[in-house]
Amino acid sequence: MSVKIGNRIGVIVDSFGVGVREGLKKAKEVGAEGVQIYAVSGEMDPVNLSPADRRELKAYIASLGLEISALCGDLGGHGFQDKSVNEEKVEKSKRILDLALDLGTTIVTTHIGIVPENRDGEVFAVMQEACRELNEYASSMKAHFAIETGPETAAHLKGFLDTLGGIGVAVNFDPANMVMVTGDDPVEGVRLLRDYVVHTHVKDGIRSKAVDPRMVYGALGYEPMDHAKIAEMVSSGQFFRELPLGEGAVDFDRYFTVLKEIGYNGYLTIEREVGGQPENDIRKAVHFIKGYR
């Protein structure tokens, strides 16, 4: 391994499947330095956390020697394609960003729905309107909503981001999603999106055969996006399969090299969405990344 990296290693607490507090302890046990937490519903829903709760949680995370790399504010469904629910979703996204700032991070990762090919269509305009509002809000806080890569090619995503007028809406780069769904090259993807990458996921996988991204990530006229459904697709391996780090088609030597090349010094956050032994897989993933130090 030629490339040496100094990025901190994060894990998604929810990947352990044991709740937030236990998940935080597990993150520390497996050697992570930071954590990403879902903040959409349940105990982490912003409405369920008073200012005192937020201070207490932030202090607890710090007491473990951890910090938050990002919150996940992915509201599922059709992303921001459906105008009828966007007002509510944009408002909720803003509250999740407020929570992120209270907990010491400036990043909320999310899926916005698949960016349509047709720039003149209504769905493109609806998504653009919602994302411009989010961009303005995040920019005013010097923060970011980071779109997870995968549903479209890097070039197409960049074309959309360039219309928003800032980097309040940025990118959470996930190389495995590209490999598994669009068949795009993650390394070229990082180069294209270099000005927008504020957070990354470290995940691996393979593609068995081509799949319409709308079947995976949902779109108007298709089933809405559902994490449980994606996990099922990943496990079945019909179109793609998520694998432990180093066992799939992501070339991590090249991926880590290009992140270094663009000057990315943020978190490498491990995501494990499938498998019966998440803790074991995450521990191995931490070890895998530490091999590049």
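Asp-102 comes out as partly exposed in this predicted model, with a relative accessible area of 40%. Its side chain meets that of Arg-54 in a salt bridge, 2.9 Å from N to O. Arg-54 sits in helix H2 and Asp-102 in helix H3, so the pair ties together parts 48 residues apart in sequence. Arg-54, at 12% relative accessibility, counts as buried, because the cut-off for that label is under 20%.

Helix H2 (residues 51–63) also hooks up with helix H1 (residues 20–29): Glu-56 lies in H2 and Arg-21 in H1, so this pair links parts that are 35 residues apart in sequence. The closest N and O atoms of that salt bridge are 2.8 Å apart. Both ends are partly exposed, Glu-56 with a relative accessible area of 40% and Arg-21 at 31%.

Further along the chain, Arg-254 pairs with Asp-185 at 3.4 Å between the closest N and O atoms. Arg-254 belongs to helix H10 (residues 252–261), while Asp-185 is in the loop between H6 and H7, so parts 69 residues apart in sequence are tied together. Salt bridges with shared partners also join Lys-26, Glu-279 and Arg-283 into one network. Over the whole structure, the search turns up 22 salt bridges.

As for helix packing, the axes of H3 (residues 83–103) and H4 (residues 122–140) come within 10 Å and cross at roughly 20 degrees, which means that H3 runs roughly parallel to H4. The crossing is right-handed. Among the residues that meet here are Val-90 and Leu-97 from H3 and Leu-134 and Tyr-137 from H4. By class, the contact has 7 nonpolar, 2 polar and 6 charged residues.

Technical notes: Residues are numbered from 1 along each chain as its sequence is written. This is a predicted model: local features need pLDDT of at least 70, side-chain atom pairs count only at pLDDT 80 or more; totals for chains, interfaces and linings use all residues. Side-chain values use heavy atoms; hydrogens and water are left out. Axes are lines fitted to C-alpha atoms, for helices over the stretch in contact, and angles run from 0 to 180 degrees between N-to-C directions. Helices (H or I, at least four residues) and strands (E, at least two) are DSSP runs, numbered from the N terminus. Angles under 35 degrees count as roughly parallel, over 145 as roughly antiparallel, 65 to 115 as roughly perpendicular and the rest as oblique. A crossing is left-handed if the near helix is turned anticlockwise from the far one by less than a right angle, and right-handed if clockwise. Contact means heavy atoms within 4.5 Å. Ala, Val, Leu, Ile, Met, Phe, Trp, Tyr, Cys and Pro count as nonpolar, Asp, Glu, Lys and Arg as charged, and the others, Gly among them, as polar. A salt bridge is a side-chain nitrogen of Lys or Arg within 4 Å of a carboxyl oxygen of Asp or Glu. Buried means under 20% relative accessible area, exposed over 50%, partly exposed in between (1.4 Å probe, protein chains only).
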